[in-house]
Every structure is written in C-alpha cells, then in structure tokens.
Amino acid sequence: MDISKYSNSILPYIPFFYVIWSDDLLSASEIEVVNTAIVEDTSLSTTDKKQLRDWLNRASPPKNEEIKKWQQLISHSGVTLIESEIYPLEAFARKVANFYSRTTTVNESLKSIELNLGIQPNHYNHLFNVEVVHQAYSNQYNSEQIDALLHTEYLTEIKQFRNFLENSLFRWNIHRNKEDARKLVLEQVQLLASEGWGALAYPKAYGGKENIECYASIFEHLMFVDGSLAVKFGVQFGLFGGSIQNLGSKRHHDQYLSAAGATKLLGCFAMTETGHGSNVRGIKTTATYIHKSQSLIIHTPGKNDNKEYIGNALDSKMASVFAQLIVQGKNMGVHAILVPLRSDEHELLDGITIEDNGYKLGLNGVDNGKIWFNQVKVPVANLLDKYGKIDAEGNYQSQIKNANKRFFTMLGTLVGGRICVAKGALAGAKMALTIAIKHALKRRQFNDSIKIQEDLLLDYPSHQLRLVPKAASSYVYHIVLQRAMREYANSPEDKRKIETQVAGLKAMITCFATATIQECREACGGKGYLLENRIADLKNDTDIFTTFEGDNTVLLQLAAKGVLSDFKSELNSGGFVSVLKLLGGRFTDRLATINPAYTNKVDKDHLYNPKFHLHALDYRLRRLTDSAAMRIRGYIKKGVPSYQAFLKVQTHLLELGKAYSDVLAIKWYYEFVSSQEDGIYKDLLYQLGALHSLSNIRANASWYLEQGYLGTTKSKAIRQRVERLSTELRPHVNALVDGFGIPEYLISAPIVH
C-alpha cells in the first residue's frame with residue numbers, strides 16, 4: 001500500500017484522526033486539546049504540524065477519500081487491538097506505524113489526546129475492521145498485595161479467620177423459612193464463639209485479645225457469609241457484651257463478660273422504643289430505685305413504650321435495658337440495666353412480655369422482637385454503673401456532674417457499633433460489586449457484526465461508569481472506616497469528636513452501599529434478580545443499615561451540629577482574630593471563584609491533584625458552614641427559638657453533614673495513601689482517590705456552578721475525566737475486586753462462575 005505521502009511521524013496520528021472524523025468528535029475545546037498535543041510533540045516537523053492542523057479544520061475537513069485511505073492503511077497493517085491496554089488507542093496506533101516504518105516509539109502527545117478527549121478505543125475495532133484480543137483484564141496488579149495493603153496491621157488474623165470460614169456450616173444458601181434460618185445462624189454464632197472470635201474485642205482476662213479493630217474486620221467478613229449472621233454476631237458480642245464491657249464495672253465483667261463471649265449467656269440490647277425511635281433521651285421505660293429492697297423496678301408505662309426491633313430477643317436470657325433511672329423521685333437520665341428475661345428452661349420470667357417482629361424485608365435469620373416490662377424487679381447491682389451509681393445510702397453519684405455530658409459519654413462508648421454497621425454495609429457493596437464486575441467480565445452482548453465476537457459488558461463506557469467509580473469509592477471508604485475504628489479505640493472517654501465523625505461517615509457510607517447494591521442488581525439484569533446470585537439478599541439485608549444504629553437523616557444533622565459547634569467555639573475563643581480569619585477566608589474563596597484561570601483550569605495534572613480535590617470539597621464545607629451559621633443567627637436575632645431556627649435550616653444542615661463527611665473521608669484517605677511506599681500500588685491508590693473525588697465533585701456540579709467555583713469548561717472536563725479514569729481502571733478492576741479479599745468459596749453466585 002502506498003503510504004509515501006505520510007511521514008513516519010504522522011503515521012501514528014492517523015488512527016486518531018480516523019476515530020476523530022469517523023465520530024465527528026471535534027468541538028472547539030477538543031480542537032484545542034489536539035492542537036496543544038501537536039505543538040508539544042517534538043518528533044513532528046514543521047511540515048508535519050501544518051498537515052495535522054489542516055486535518056483539524058472543521059471548515060475544510062478531510063475528504064471522504066482521505067478518510068477511507070486511512071481506514072485501509074489501518075486494516076492492511078493486520079495489527080490487533082488489545083482490550084486491556086491502559087492506552088489502547090495509542091498502543092494500537094504505534095503498532096500500526098511500526099508496521100510501516102519500524103521506528104515509532106511511545107508517544108506522550110498521543111497519550112494526552114487519548115486521555116483528554118475521553119476516547120473509548122476498545123469500541124473502534126469495528127471502525128478499524130481489525131482483530132481484537134479479548135483479554136478480559138490485566139495482571140499488572142497482584143490482588144494479594146492489594147488485600148495486604150487493606151489489612152496490614154492484622155493480616156495474619158484475617159487469613160486465619162478466612163480459613164475458618166471454609167467450614168461447611170458457613171456456606172451460603174437460600175433460606176426462606178425464618179425458623180430454619182434462625183436456627184442455622186444461632187449455630188454459626190455459637191461456633192464462632194467456641195473459637196474465640198466473638199470475644200476478640202474483650203480484655204484478655206475474659207477470653208479476648210483487646211483488638212476491636214480486628215473484631216470490626218471479622219464483622220465485615222461475616223457479611224460476606226450472611227447478613228443475618230453478621231447482625232446477630234454484632235448484637236451478641238458487640239452490643240450486649242459491649243454494653244457490659246463499656247458501661248459496667250469490674251464486678252459486671254467478672255460475672256457476665258466471659259459467658260457472653262462464649263455464648264453461654266445469650267443477650268440482647270434493648271434501647272430503641274416503638275414510640276420514640278432515634279430519640280434515646282426521650283425513651284419512656286423507667287428503672288425506679290427502691291432503697292428498702294436495694295432493687296430497681298423496670299417498667300414500660302404505655303403500649304408504645306415497649307422496646308422494639310430488638311435483635312436476639314427470642315434467644316436471649318438477658319437484656320441490657322436502657323431506661324430513665326429514677327432515684328429518690330428524681331430522673332437521673334438514661335442508664336443501662338441488666339434484666340433477666342428467661343429461666344434456664346428458656347421460659348419467660350414474670351413481668352416480661354416478648355413478641356416476634358415476624359418476617360422482615362431482610363435479615364430473617366435474626367430473631368427481632370418487641371419487649372414489654374411490667375414492674376420487673378432486679379437487684380440494684382444490675383445497674384451498669386461505670387458513669388453513674390447508687391451508693392449504700394441510696395444516693396446517686398457520678399463523676400460526670402453534667403447530665404448532658406454524662407448522657408453523651410455513655411452513648412459515645414457505643415460508637416464502635418455504628419462503625420461496624422458502616423463496615424457491614426460496605427461489605428455488602430463489595431460483594432455486590434464483585435459479583436456484578438466478574439459477571440461483566442465474562443458476559444458479552446451486542447455488536448454491529450455477526451462475524452465479530454460480542455463485546456464484554458464491562459467494555460461499554462456506560463457499564464464502566466456505573467461500576468468502576470463505585471469500586472474506587474469502596475476503597476476510599478474501607479480505608480476511612482479503618483481509621484475511624486482506630487480513632488475510636490484510641491480516643492479518650494469523651495468521645496464527642498469521634499461520635500460526630502462517625503455519625504456522618506455511617507450515614508454517607510450506608511447510603512452509598514444501598515445505591516451501589518441497587519446499581520449492581522440492575523447491571524446484572526435479570527440474573528441479578530435471582531436469589532441464587534445473592535444480590536437480592538444483599539440488597540434486602542443491608543437496606544435497614546440506613547436506619548439501623550441511627551437514622552441517617554438524624555445522624556447527618558448530628559454531624560452538622562458538631563461542625564457548627566466547632567465553628568462557634570473557634571470564633572468565640574479567637575475573638576477578633578478569628579473573625580478576621582473568617583473574613584479573609586471568604587475573600588480568598590471569592591477571588592478563587594472569579595478567577596477564570598482557576599475556574600476553567602482543565603489539565604490532568606490539576607484535576608488529578610489531591611490538593612484540588614481537598615480544596616474543592618473543603619470549599620463546599622466552609623461555604624455551607626458559614627451560610628448555615630448566618631441563617632440560624634438571623635432567625636435567632638429575630639426572636640425565633642433556637643430549636644425552630646434549626647428546623648428552618650434542616651435541609652441545609654443535611655447538606656452540611658454530607659459535605660463534612662466528604663471532606664473527612666478524602667482527607668483521611670489521602671493521609672493513608674501519602675504514608676505508603678512509592679510505587680505502582682501507591683499510584684493506583686491515588687488514581688482511585690481521584691476517581692472518587694471527581695465523581696463526588698461531579699455529583700455536586702450544579703452547586704459548584706452556582707457558586708462560581710467551577711466554570712462550564714471545567715465542569716465538562718471533570719465529567720470527561722470521570723469517564724476516562726473509569727476506562728483507565730477497567731483493565732485492573734478484576735484485581736481491585738479480588739483485592740477486597742472475599743474468599744472465592746464465599747462468592748457462591750452462579751453468575752460469577
């Protein structure tokens with residue numbers, strides 16, 4: 001074939017220009033991208049650059065005969081297009097040029113064009129009419145090394161636990177009879193206890209290893225087995241046993257903790273009430289102290305004041321009951337009391353009424369129930385009295401004099417459970433992504449020729465965009481929840497800071513999990529709807545996590561109020577200096593938003609830079625904090641009561657809570673990544689962080705555009721970068737889902753195999 005009219009330096013550009021004019025990709029901004037690459041390409045002569053720029057002229061585009069000649073040149077080369085290349089079109093173009101000239105090397109300018117135009121080259125094989133190597137994924141990254149990065153501090157224990165889960169008792173199966181499911185889950189919990197896994201977070205003296213961080217990862221792995229198992233495990237060892245450990249004194253530990261860890265004493269956590277939901281402070285169950293008998297009388301005053309949705313209610317012999325403690329006629333606030341429920345023969349004790357909640361949307365292996373107490377008498381020694389006790393004379397004593405602080409200190413000890421809920425939800429998302437992505441790497445569908453093999457689902461840009469960013473976010477949230485549990489384990493008794501942090505993270509991550517599992521269900525089509533492929537149960541089992549351990553709407557407001565409290569405290573303590581600092585920040589932000597050089601900066605070095613991600617997300621947080629504070633202040637100055645003022649800005653507070661959580665997550669994630677050794681895995685983690693961050697900014701693009709932080713050009717570039725990053729990570733997505741560390745024997749969905 002005659003190629004004499006094309007220089008060796010122009011040859012690798014021909015496949016690109018063929019794609020560009022076949023799909024008519026060129027807008028003004030795209031022309032600028034290609035022009036810039038041509039200018040920076042030192043291998044091109046002045047004549048070559050003129051030729052390429054002539055081909056960019058939309059007023060006088062290349063003639064159809066010229067474009068057909070390009071197509072013939074490409075197909076005559078016999079070069080194959082490899083699906084799993086990071087820059088497939090650049091690699092393909094280089095091979096075409098090498099076929100004719102044998103001199104072409106890697107071309108960074110062409111990489112830049114491929115990157116910035118968001119070209120999806122693995123879909124141009126039909127245009128090129130060339131053979132495609134259908135290599136489903138790349139082996140550049142080792143999933144075991146990724147897994148080790150995620151579980152560095154306790155990898156040995158996690159591997160031991162995964163081996164333990166090979167026991168046939170943990171094989172997933174379809175159970176539609178709740179009695180059979182409950183029986184199996186109880187057996188599983190008892191087996192876990194017999195090997196010491198339940199007591200992992202307890203002190204060594206009571207059969208544990210004092211490792212709450214590893215315990216949280218064990219909980220996450222149990223979600224891979226069955227959501228009901230994870231929840232019942234969490235109720236028995238985390239909530240019931242945890243309340244004894246964290247709210248009780250040594251005598252409670254000595255009497256009950258070892259038995260709880262070994263499941264010799266099955267217990268439940270009775271906090272939530274039918275009529276009061278998330279309002280723990282407003283619960284109506286009372287524990288009235290009777291000095292003469294040294295006892296507490298536990299009583300449910302009204303029909304809707306019963307304990308509701310209590311996990312382990314039907315199997316338990318004892319409950320940690322949260323009630324208003326009444327001493328000498330005075331309400332001392334909410335405290336926890338250990339209340340026996342059943343005899344050794346498992347018969348209900350006098351004054352105890354328990355009803356089965358019945359079938360639920362999911363988690364039917366958990367025996368949820370309602371509990372009423374009718375003048376139930378227990379010894380005063382059953383009061384979990386770490387933060388408040390009754391002395392021999394019948395007087396209430398507490399080292400924490402302020403009732404509000406005492407209440408939040410007691411609840412703060414239970415934040416670990418909220419972290420586990422978020423980890424459990426994320427585990428459900430990981431499993432769903434693993435199933436959906438592995439299905440998309442084997443399932444083929446559609447093309448434009450009966451002669452050519454159909455395309456893999458994951459080679460469709462739309463499919464990449466629905467799954468790959470969620471896989472990236474799963475990595476971000478995994479690292480963040482590990483940090484949260486570490487902060488919780490090492491924080492002082494006053495855990496208000498970590499409670500604010502976890503409130504926002506739990507809300508954000510459980511919402512993410514719900515949306516991700518739904519996307520995975522749809523991405524698998526009808527196969528995702530079959531029970532055997534697990535996504536249906538993952539969807540149903542994790543749905544409750546958005547309201548379990550705190551309703552997400554309430555938690556986001558809690559997080560927002562924490563931000564406003566810190567904002568107010570900073571201003572009050574800093575006085576005039578802080579006001580100047582705030583005003584200076586506003587001025588700096590304003591300069592950034594009106595600076596076209598920033599609002600329309602679109603180069604990849606800027607858009608992939610963690611500093612940009614942090615600045616953009618923090619800008620949103622600061623603006624929302626400032627405006628929320630000013631709105632509330634304005635209402636209060638007009639005489640509106642503070643409670644009503646907060647109600648008026650409630651939707652604003654929800655956005656503030658989300659913004660706070662977004663900033664916290666990406667800040668903690670990038671701190672983790674920066675601590676890693678330089679190399680391909682650190683680069684991969686940065687790439688995942690960029691995709692997560694840009695997806696987040698893109699999701700709030702309308703807000704950023706309203707604020708003037710982004711220009712339309714930059715907003716469009718961010719959208720293209722999200723698509724491009726999804727394509728770049730597509731060859732490695734199999735390694736990424738394997739890097740979640742889910743044992744293959746637990747991925748029992750037929751759709752995967």
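In the predicted model, Thr288 of strand β4 stands opposite Ile326 in strand β7, and this pairing belongs to a set of three bridges through which β4 and β7, the latter spanning residues 318-327, run parallel. A second partner of β4 is strand β5 (residues 295-299), which is joined to β4 by five bridges in an antiparallel arrangement, with Ala287 standing opposite Ile298 in β5. The strands β4 and β5 form a hairpin with four residues between them, and Gln294 in the turn adopts a positive phi of about 50°. In a regular strand, side chains alternate between the two faces of the sheet. Within β4 (residues 286-290), Ala287 and Tyr289 make up a covered face, whereas Thr286, Thr288 and Ile290 make up an uncovered one.

The loop between β3 and β4 contributes Glu273, whereas Lys307 lies in strand β6 (residues 307-310), so that the pair ties together parts that are 34 residues apart in sequence. Glu273 and Lys307 form a salt bridge in which the closest N and O atoms are 2.9 Å apart. Both partners are buried, Glu273 having a relative accessible area of 1% and Lys307 a relative accessibility of 0%.

The structure holds 31 salt bridges, among them that between Lys682 and Asp678, whose closest N and O atoms are likewise placed 2.9 Å apart; here Lys682 counts as buried at 11% relative accessibility, while Asp678 is exposed, with a relative accessible area of 69%. In helix α27 (residues 712-729), Arg719 and Glu723 lie four residues apart, about one turn of the helix, and form a salt bridge with a closest N to O distance of 3.6 Å. Arg719 is partly exposed at a relative accessible area of 31%, and Glu723 is also partly exposed, at 25% relative accessibility. Elsewhere, Lys178, Glu179, Arg182 and Asp356 are linked in a network of salt bridges.

Helix α14 (residues 403-412) includes the buried residues Arg406, Phe407, Thr409, Met410, Leu411 and Gly412, and these pack against several elements, including α12, β8, α15 and α16. At the N-terminal end of α14, Asn402 acts as a cap, with a side-chain oxygen 2.9 Å from the backbone nitrogen of Asn404. In helix α15, which is one of the elements packed against α14, is found Lys430, a residue buried with a relative accessible area of 1%. The side chain of Lys430 makes a polar contact of 2.5 Å with the side chain of Glu220, and, residues up to four places away in sequence not being counted, Lys430 touches Glu220, Phe224, His478, Phe740 and Ile742.

How values were computed:
Residues are numbered from 1 along each chain as its sequence is written. This is a predicted model: local features need pLDDT of at least 70, side-chain atom pairs count only at pLDDT 80 or more; totals for chains, interfaces and linings use all residues. Side-chain values use heavy atoms; hydrogens and water are left out. Buried means under 20% relative accessible area, exposed over 50%, partly exposed in between (1.4 Å probe, protein chains only). Helices (H or I, at least four residues) and strands (E, at least two) are DSSP runs, numbered from the N terminus. Two strands pair if DSSP finds at least two bridges between them. Contact means heavy atoms within 4.5 Å. A polar contact is a pair of N or O atoms within 3.5 Å; within protein, one must be able to donate a hydrogen and the other to accept it, and residues adjacent in sequence count only if both atoms are side-chain atoms. A salt bridge is a side-chain nitrogen of Lys or Arg within 4 Å of a carboxyl oxygen of Asp or Glu.
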